[in-house]
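Trainee: Could you pick one spot in this model and take me through it closely? After that, I'd like to work outward from there.

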Amino acid sequence: MIVIKGESREALERKGNRAIDLADNWCKQNKLEISVPKSGQILLKGDKEINMERRRPTIRLRGTTLQGFKATKYLGVTLATGQRYIDHLARVANES
């Protein structure tokens, strides 16, 4: 998981693409590979969240634009756009 903070879509794109390139290069140097089809992006928070949902930041891994998710599971916790944890709480309640 790579977490990027930015005040605009352009800042998120610049920082996100730089971070994913650094991670991908580190993986290559250590004989590892990031799976492009399993990779994606999620917007957790932001004042401009509504506008970014219409046009998410373009983050590319080896030339492929990473798909956007409204929610994802990381280390057993469901993270959702807008820092909503309803999905996580519902899943945990159903497992109990």
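Mentor: Let's start at L75, which sits in the loop between β5 and β6. Helices and strands here are DSSP runs numbered from the N terminus, with H or I over at least four residues for a helix and E over at least two for a strand. Before going further, keep in mind that this is a predicted model, so local features need pLDDT of at least 70 and side-chain atom pairs count only at pLDDT 80 or more, while totals for chains, interfaces and linings use all residues. Residues are numbered from 1 along each chain as its sequence is written, and side-chain values use heavy atoms, with hydrogens and water left out.

Back to the turn. β5 and β6 make a hairpin with 2 residues between them, and L75 in that turn has a positive phi of about 50°. Most residues other than glycine have a negative phi, which is a good reason to stop and look. The strands themselves, β5 at residues 71–74 and β6 at residues 77–80, run antiparallel and pair over 4 bridges; pairing here takes at least two DSSP bridges between two strands. You can follow the register by eye: A71 is bridged to A80 in β6, and T72 is bridged to L79.

How much of L75 is covered? Not a lot: L75 counts as exposed because its relative accessible area is 73%, where exposed means over 50%, buried means under 20%, and partly exposed is in between (1.4 Å probe, protein chains only). L75 also belongs to a nonpolar surface patch of about 480 Å², together with M1, V3 and Y74. A patch is built from residues with over 30% relative accessible area and no salt bridge, joining nonpolar side chains (Val, Leu, Ile, Met, Phe, Trp, Tyr) within 5 Å and like charges within 9 Å. The areas come from the Shrake-Rupley method with a 1.4 Å probe, and for residues only the protein chains shown count as cover.

Now zoom out. The chain has 3 helices and 6 strands, in the order α-β-α-β-β-β-β-β-α along the sequence. Of its 96 residues, 28% count as buried.

L75 has company in its phi sign. K31, in the loop between α1 and β1, has a phi near 55°, again positive and again not a glycine. K31 is exposed, at 79% relative accessible area. R62 has a positive phi too, near 50°, and its place is the loop between β2 and β3. R62 is partly exposed, given its 38% relative accessibility.

R62 is worth a longer look, as D24, K28, E33 and R62 are linked in a network of salt bridges. A salt bridge means a side-chain nitrogen of Lys or Arg within 4 Å of a carboxyl oxygen of Asp or Glu, and that rule gives 3 of them. R62 meets D24 at 3.2 Å, N to O. That contact links distant parts of the chain, with D24 in helix α1 and R62 in the loop between β2 (60–61) and β3 (64–65), 38 residues apart. R62 also meets E33, at 3.8 Å from N to O. E33 lies in the loop between α1 and β1 (40–41), so this pair ties together parts that are 29 residues apart in sequence.

D24 has another partner, K28, with the closest N and O atoms 3.6 Å apart. That one is local: D24 and K28 are both in α1, 4 residues apart, about one turn of the helix. As for cover, D24 is buried at 5% relative accessible area, whereas E33 is exposed at 66%.

One last stop is on the surface. K5, R14, K15 and K45 gather there in a patch of positive charge. Lys and Arg count as positive and Asp and Glu as negative, leaving out His and the chain ends, and each charge is placed at NZ of Lys, CZ of Arg, CG of Asp or CD of Glu. K15 is in helix α1, residues 9–29, and is partly exposed at 39% relative accessibility.
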